[in-house]
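Here is a walk through one protein model, taken a piece at a time. Keep the 3D view open as you read.

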Amino acid sequence: MPDAQGPVLLTARWVVGHENGRHCLYENGEVVFEGNRILYVGHRYPGPVARRHDYGRAVIGPGFVDLDALSDLDTTILGFDNSPAWRKGRIWPETYMKQGPYEMYTPAELAFQKRYAFAQLIRNGITTALPIASLFYRVWGETRDEFLSAANAAGELGLRVYLGPAYRSGHTYVDAEGKIRCHYDPARGMAGLDEAIAFCDEVEGRHGGRVRAMLAPDRIETCTPELLRASARAAQELDIPIRLHCCQSRLEYDLVQEQHGMSPPQWLQSLGFLSPRALLPHGTYVSGSRHIPQPGRDLEIIRDAGASIVHCPLVSARHGATLSSFARYRKLGINIGMGTDTWPPDMVQNMQVGLMLCRVEEASTEAVRAEDYYDAATVGGADALGRPDLGRLSVGAKADIVVFDFSHDRNGQMIDPIQTLMISGSGRDVSQVVIDGRFVMVDGRIPGFDARLAQEQAQRQFDGLIARYPDRTWGHPPVEQIFSSSYPRPARSPS
C-alpha cells in the first residue's frame, strides 16, 4: 500500500492508547499518524486526513517488541520429544569437534532464513525484533556478511531490528564417555567481539534508523571473564544494548558455580557486566526458584543493576522450566520484556502460556492479569531498549501499529479486548501491520513475500539439516535413532 501524503486515520472497535504512563482502552477509538509518528489517539480527530481505514470488530494496538526473536529455522522440534539433549545432537560430540565442525547451512540458506523468519515476525504483529539463532549448526559464531544480509532483509520488509552477530569464547562438548566438558578458545572470542563492534559501527542507523546495533555474546557459560568485561565496556562506549543468555539451565548454573565459585548473576555483577543495557534471556534458573531452591540474591542483583529479564515462556515450558514466578519478579521491581525464541514466533501464544504458568506457580488467579503480560510485550520491551517512542500508541511515538481482526467467530465473545486476546487470540489474527508509518502487511499479506514458496524452501533446508545430524551427534547413530516417532510407521506394502 503506497504511503499517504498526509495524516492517516485508523479506527476500530477498540484502540489501545497510552496515557499517564500506562495503556488505556478507547472504545470505537481512532489512531492518526503522519510520516513515522503518531499524531493523535482518542475519539473524533478534529483535523483533516489524507486516508481513512475502518477495521470494524478489531483491536488496534502498538506493535510487539521481541527481545529474543526467532531468526532461524526452528530447531526446538528436534529436541521436543528427543532427550537427553547431549545424546541427540544438541551438544557437539568430541569426535565432531576434533574432525573440524562445518557450516551446516550455506550463506544463501542463512540469508533466506533471516528473511523468512523476519516475515514470520511481522505476520505475528512483532514490529521490533532482536534476532536470535542457534549456533549449534555453525563452525563457531555468526558473521558480518550474514548480518549485512539480515539488515538488507529487514530494510526490504520494513521490520525494525537491533542486529549484532553472536560470538563466543567456547562451547560445551560430550567426550567419549558421555561426560559434558568445556572447550575454550579465548582469542577466537575476542576476534568475534572485534568483528561485532566493527559491524555495529557499519550498520547503526541504516534504513531510516529502523536498523540499529546491539552486542550479542552467546551464552554466559561460553564466554570468558575477559570477553564479558570487554563486551560490557564496548556496549557502554557505543551506547547500545547487550544481550546474554543466562540463568537458563541447571547445566549452565552449575558450570558457572563450579568454574567461578559464584552464581551467574553474582559472576556478572563481579565483572561489571550488568547495567540497564543488559538483556538477559531467560532468567528461569535463579536462587530461590523451583529450579534452584537454595536462597540467594540473584534477582535482587539483576534488579539493582537495572538489567531486564527477557521472558520466553513458550520455549522454557517446552523444556520443563518457568519463572518462579512472573508475578514475583514484577513485585521485586525487575523490568521484564518478552521474547519468542522458538516456533511459532507468536507473541500472543507466549503471553497466554506465561500467564497460565504464573497462575499455576502462584496457585492463584489473582497473581497476574492479562494486561500485565501485554505490558511486558510492549512497554516492557521498549523500556529495556531505552525507547520511550516504542511499545505504545501516544502522540510523538513511532507509528508501529498492529491490527488484530476479531470479526470471525473463533475468538468467542468479548467483554474486554486484551482479555479476549489472552484467552482465545492468536498471532494469526494479525491482519495489518504498520512499522515506522509504512504499511508492511495488508490483509495478511506482505508485499514481495510468497509465504507458500518460502515454506517449501524452508522445509527443504530443514530436511538437509536433519540428513547431516548424525555427523554432530554423540556416537553418530543414523537419523532414525536420533529422532523418535510419535507412533509406529508401518512400511509401505509392495504394490
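What follows covers the annotated domain, one helix, two sets of strands, a loop residue and the empty spaces.

## The model and its domain

First, a caveat: this is a predicted model. UniProt, in an unreviewed entry, lists residues 105–440 as "domain: Amidohydrolase-related". Over that stretch the chain is 42% helix and 17% strand. The C-alpha atoms at the two ends of the stretch sit 28 Å apart.

## Helix 6

Let's start with helix 6, which runs over residues 225–238. Does its length add up, or not? With 14 residues at 1.5 Å each, the helix should span 20 Å, and its end C-alpha atoms are indeed 20 Å apart, so the two agree. Right after the helix comes Asp239, whose phi is positive, near 55°.

Which residues of helix 6 are buried? They are Pro225, Leu227, Leu228, Ala230, Ser231, Ala232, Ala234 and Ala235. Some of that pattern is just helix geometry: an α-helix has 3.6 residues a turn, so residues three or four places apart point the same way. As for neighbours, the buried residues pack against helix 5 (186–203), helix 7 (250–260) and helix 8 (264–270), and also against strand 10 (166–167) and strand 15 (242–243).

## Strands 15, 16 and 17

Strand 15, one of the packing partners of helix 6, pairs with strand 16 in the parallel sense over two bridges. In that pairing, Ile242 has Ala278 of strand 16 as its bridge partner. Strand 16 also pairs with strand 17 (residues 308–311), again in the parallel sense, this time over three bridges. There, Pro281 stands opposite Val310 of strand 17.

Look along strand 16 (residues 278–281) and you'll see Ala278 and Leu280 pointing one way, with Leu279 and Pro281 pointing the other. In a regular strand the side chains alternate between the two faces of the sheet. Buried or exposed, then, for these four residues? All of them are buried.

## A three-strand open sheet

Elsewhere, three strands make an open sheet in the order 7-11-12, with mixed pairing. Strand 7 (92–93) and strand 12 (180–184) are the edge strands, each pairing on one side only. Strand 7 and strand 11 (residues 170–174) run in the parallel sense, joined by two bridges. Trp92 is matched with Tyr173 of strand 11 in this pairing.

## A loop residue

Ala367 belongs to the loop that links helix 12 (347–362) to helix 13 (370–384). Leaving aside residues up to four places away in sequence, Ala367 touches Ala327, Cys358 and Glu362. Compare Leu10: Ala367 is 357 residues from Leu10 in sequence and 35 Å from Leu10 in space, C-alpha to C-alpha.

## Pockets and cavities

The largest pocket holds about 1,200 Å³ of space. Its lining takes in 43 residues, and those nearest the centre are Arg90, Phe136, Arg219, Gln248 and His319. Strand 6 (64–70), helix 1 (76–80), strand 11, helix 7 and helix 10 (313–318) each supply at least two lining residues.

How many cavities of 30 Å³ or more does the structure hold? There are three, and the largest has a volume of about 60 Å³. Residues lining this largest cavity include Ser71, Asp72, Tyr105, Arg138, Glu142 and Glu146. Helix 3 (residues 107–123) gives the most to that lining, with three residues.

Terms used: Residues are numbered from 1 along each chain as its sequence is written. This is a predicted model: local features need pLDDT of at least 70, side-chain atom pairs count only at pLDDT 80 or more; totals for chains, interfaces and linings use all residues. Side-chain values use heavy atoms; hydrogens and water are left out. The expected span of a helix is 1.5 Å times one less than its number of residues. Buried means under 20% relative accessible area, exposed over 50%, partly exposed in between (1.4 Å probe, protein chains only). Contact means heavy atoms within 4.5 Å. UniProt positions are given in the numbering used here, feature names are shortened, and annotations may be inferred rather than shown by experiment. Two strands pair if DSSP finds at least two bridges between them. On a 1 Å grid over the protein atoms alone, a cavity is a set of points where a 1.4 Å probe fits but cannot get out, and a pocket is an open set with protein on both sides within 12 Å along at least five of seven lines; lining residues have an atom within 4 Å of a point. Grid points are joined across faces, edges and corners, and a volume is the space filled by probe spheres set on the points.
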